[in-house]
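Dear colleague,

I am handing over the structure below, together with an account of what was found in it. Please read the two side by side.

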Amino acid sequence: MTQVKIDIGKLDATGIVDLANDSISVTPTSRFATATKKIVVDEPLKTALDQHGTITLNLPPTGKDWAYQLHVGAGTPHEFKVTFEVPDSANPVNFADLVTVDPAALIPNAGNPLSDIDQSDIDWAVDAINA
């Protein structure tokens with residue numbers, strides 16, 4: 001199990017304040033088997049952030065064909081969902097440091113794909129066009 005610390009806030013006239021006592025759920029994207037061969041179903045773990053907008057959850061590390069989805073603030077103006085991977089770590093990890101993934105393909109979100117283009121990509125495209 002990996003300890004995942006979630007810490008969520010919101011903007012306020014004074015700066016960033018805690019998202020106190022907000023409901024959250026964490027759901028595996030599909031059922032999975034643990035190292036001891038226990039099958040875990042894809043049912044949500046429903047809980048709430050504490051008065052400081054934090055919670056630490058013990059989660060099994062994700063596999064190659066599944067991840068977790070965090071759902072925060074259901075029915076509120078700040079509602080959001082994010083799909084993420086959990087590493088196998090003996091040390092606690094911060095949710096903000098975890099890799100988010102595309103919920104359909106389960107591949108890491110890499111930001112703007114155009115920012116990763118280099119000269120070799122341009123050369124390949126020109127060669128393909130001229131062929």
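The notes that follow go through a buried aspartate and its surroundings, then the nonpolar core and a sheet, and finally a few single residues.

Please keep in mind throughout that this is a predicted model.

I would begin with D22, which lies in the loop between strand 3 (15-18) and strand 4 (23-28). D22 is buried and yet has no salt bridge, since the nearest side chain of opposite charge, that of K10, is 7.2 Å away. What D22 does have is a polar contact of 2.8 Å, which joins its side chain to the side chain of H78. If neighbours within four places in sequence are left aside, the residues in contact with D22 are T47, A48, L49, V72, G73 and H78.

One of those contacts, G73, deserves a look of its own, and its place is in the loop between strand 9 (68-72) and strand 10 (80-84). G73 has a relative accessibility of 0% and therefore counts as buried. Apart from neighbours within four places in sequence, G73 is in contact with D22, S23, H78 and E79, so that H78 is listed among the contacts of G73 as well as among those of D22. The C-alpha atoms of G73 and L19 are 9.3 Å apart in space, while the two residues are 54 apart in sequence.

In the same loop as D22, between strand 3 and strand 4, there is also N21. N21 is exposed, with a relative accessible area of 53%, and has a positive phi of about 60° although it is not a glycine. Most residues other than glycine have a negative phi. A second case is L106, in the loop between strand 11 (93-94) and helix 1 (119-130), where phi is again positive, near 60°, in a residue other than glycine.

Turning to the interior, the largest nonpolar core has 21 residues, of which V4, I6, L59, Y68, L70, F84 and F95 touch the most other members. Two or more residues are given to this core by each of strand 1 (2-7), strand 4, strand 8 (54-59), strand 9 and strand 10. F95, leaving aside neighbours within four places in sequence, is in contact with V4, K5, I6, L70, V82 and F84.

As to strand pairing, there is an open sheet of three strands, in the order 8-1-11 and with mixed pairing. Strand 8 and strand 11 stand at its edges with a single partner strand each, so one side of each is left without a neighbour in the sheet. The pairing of strand 1 with strand 11 is in the parallel sense, over two bridges, and within it K5 has N94 of strand 11 as its bridge partner.

Two further residues complete the picture. T27 is found in strand 4 and counts as buried because its relative accessibility is 17%, where the limit is under 20%. Beyond neighbours within four places in sequence, T27 is in contact with D42, E43, P44, A67, Y68 and Q69. V99, placed in the loop between strand 11 and helix 1, is by contrast partly exposed, with a relative accessible area of 37%. V99 and F84 are 15 residues apart in sequence and 5.7 Å apart from C-alpha to C-alpha, and the contacts of V99, again without neighbours within four places, are T83, F84, E85 and P108.

With kind regards

Terms used. Residues are numbered from 1 along each chain as its sequence is written. This is a predicted model: local features need pLDDT of at least 70, side-chain atom pairs count only at pLDDT 80 or more; totals for chains, interfaces and linings use all residues. Side-chain values use heavy atoms; hydrogens and water are left out. Helices (H or I, at least four residues) and strands (E, at least two) are DSSP runs, numbered from the N terminus. Buried means under 20% relative accessible area, exposed over 50%, partly exposed in between (1.4 Å probe, protein chains only). Lys and Arg count as positive and Asp and Glu as negative; His and the chain ends are not counted. A salt bridge is a side-chain nitrogen of Lys or Arg within 4 Å of a carboxyl oxygen of Asp or Glu. A polar contact is a pair of N or O atoms within 3.5 Å; within protein, one must be able to donate a hydrogen and the other to accept it, and residues adjacent in sequence count only if both atoms are side-chain atoms. Contact means heavy atoms within 4.5 Å. A nonpolar core is a set of buried Ala, Val, Leu, Ile, Met, Phe, Trp, Tyr and Cys residues joined through side-chain atoms within 4.5 Å. Two strands pair if DSSP finds at least two bridges between them.
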